[in-house]
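Reader: I'd like to learn how to read a model like this one, feature by feature. Where do we start?

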Amino acid sequence: MADETPVSCSKCSAVWQKCGVTNCWSGDPETAPPKPGNCPSEAYTDIIHSSFNEYKGDSEDARLARVAARVEGLCYQKVEGSDAVNARWTRVEDTIAFARLMGWKKIGIATCIGLLDETERLVAILKAQGLEPQSVCCKAGSIDKKELGLAESDKVRPGTFEPACNPIAQAEICNRLGCEMNIVVGLCIGHDMLFSKYSKAPVTTLVVKDRVTGHNPAAALYGQNFYYKRLQKQPVLPDEK
């Protein structure tokens, strides 16, 4: 039977804002704030420790975890004589550093057709860094959405030819090319899931699609007291247009 003990790490936001530390992130575990209710480290201790053991061996997962931790440290610059640290790398730089430390060279890019310009800029950067980018567009093959069994009213522009996204094809093409790491650039929600599911190589997301905020979905979180207060007041109804 599944363990249904709920978890709510987001509640530690208040502790963080008040103290600058939490139970799981502090300068000294002995003086850290107490664990909050619904803390996963209390309810799921077995999972936490068994999972961490996976990082201690010589497996690919262990290597990924260690390199990820190294990149996390490298993307900050220490300030001499202070406990402050300054962020110095963008996510693009993080991605390049990660690929290099993993020894990967052939990088697949699953791009949305609406972000081809951004993808071409990324391709130029990756090439300049000595990597071998391979970009595959979501609309490759140009097959009409009606082949999915959708109604014309489900299209963005009903009554016109509108190609469906094909994230499985994007993943399989990257697989056949032997890509060692794949980057998602703006795939639709759901399509990104399918791409990740079928990709043989590890997948990271560089750009998350958000048509309203210029691909910055966090904007809806920051605007909760004003612009996006509707998210707490009005239901999101996918069956209405």
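Author: Let's start with a helix and its length. The expected span of a helix is 1.5 Å times one less than its number of residues. Keep in mind that this is a predicted model. Helix H6 (residues 116–128) has 13 residues, and from its first C-alpha to its last it reaches 18 Å, close to the 18 Å expected.

Reader: Okay. Which residues of H6 are buried?

Author: For this you need the cut-off: buried means under 20% relative accessible area, and exposed means over 50%. In H6, Thr119, Leu122, Val123 and Leu126 are buried. They cover an arc of only 105 degrees around the axis, so they sit on the same side of H6.

Reader: And what does the face turned away from the buried side carry?

Author: That face of H6 has the exposed residues Glu120, Arg121 and Ala128.

Reader: What covers the buried residues of H6?

Author: The cover includes helix H5 along with strands E3, E4, E5 and E6. One more thing to look for is what comes after the helix: H6 is followed by Gly130, with a positive phi near 85 degrees.

Reader: You've mentioned several strands. In what order do they lie in the sheet?

Author: To read a sheet, walk across it strand by strand. Here the order is E4-E3-E5-E6, an open sheet of 4 strands with parallel pairing. E4 and strand E6 (203–207) stand at the edges with a single partner strand each, so one side of each has no neighbour in the sheet. Neighbouring strands are turned by 25 degrees against each other on average, direction ignored.

Reader: How many bridges join E5 to E6?

Author: Strand E5 (residues 181–185) and E6 run parallel and are joined by 4 bridges. If you want a spot to zoom in on, Val184 stands opposite Thr205 in E6.

Reader: Which helices pack on the sheet?

Author: Take H5 (residues 91–102), which packs on the sheet and touches strand E3 (106–111), E5 and E6. The direction of H5 makes about 155 degrees with that of E6. H7 packs on the sheet too, touching E3, E4 and E5, and its direction makes about 155 degrees with that of E4.

Reader: Back to E3. How many of its residues are buried?

Author: In E3, 5 of the 6 residues are buried, so the strand is largely enclosed by the rest of the structure. E3 also pairs with E4 in the parallel sense, over 6 bridges. Within that pairing, Ile109 stands opposite Ser135 in E4.

Reader: Let's turn to side chains. How many salt bridges does a search of the whole structure find?

Author: The search finds 6 salt bridges. When you read one, check the distance, where the partners sit in the chain, and how accessible they are. For Arg63 and Glu60, the closest N and O atoms are 4.0 Å apart. Both residues lie in helix H4 (residues 60–74), 3 residues apart, about one turn of the helix.

Reader: Are those two buried or partly exposed?

Author: Arg63 counts as partly exposed because its relative accessibility is 32%. Glu60 counts as partly exposed as well, at 39%.

Reader: Which residues are linked in a network of salt bridges?

Author: Asp144, Glu152 and Lys155 are. Lys155 forms a salt bridge with Asp144, with the closest N and O atoms 3.0 Å apart. Both of these residues lie in the loop between strand E4 (132–137) and helix H7 (167–177), 11 residues apart. The side chains of Glu152 and Lys155 meet in a salt bridge too, at 3.2 Å from N to O.

Reader: How do the members of that network compare in accessibility?

Author: Lys155 and Asp144 are both buried, with Lys155 at 2% relative accessibility. Glu152 is partly exposed, at 36%.

Reader: Last step: what does the whole chain look like?

Author: Count the elements, then look at the overall span. The protein chain has 10 helices and 6 strands, and its C-alpha trace spans about 65 × 50 × 45 Å along its principal axes. Buried residues make up 29% of the 241 residues. Among the contacts with a separation of 6 or more, 51% are between residues 24 or more positions apart.

Terms used
Residues are numbered from 1 along each chain as its sequence is written. This is a predicted model: local features need pLDDT of at least 70, side-chain atom pairs count only at pLDDT 80 or more; totals for chains, interfaces and linings use all residues. Side-chain values use heavy atoms; hydrogens and water are left out. Helices (H or I, at least four residues) and strands (E, at least two) are DSSP runs, numbered from the N terminus. Buried means under 20% relative accessible area, exposed over 50%, partly exposed in between (1.4 Å probe, protein chains only). Two strands pair if DSSP finds at least two bridges between them. Axes are lines fitted to C-alpha atoms, for helices over the stretch in contact, and angles run from 0 to 180 degrees between N-to-C directions. Contact means heavy atoms within 4.5 Å. The arc is that of the directions from the helix axis to the C-beta atoms.
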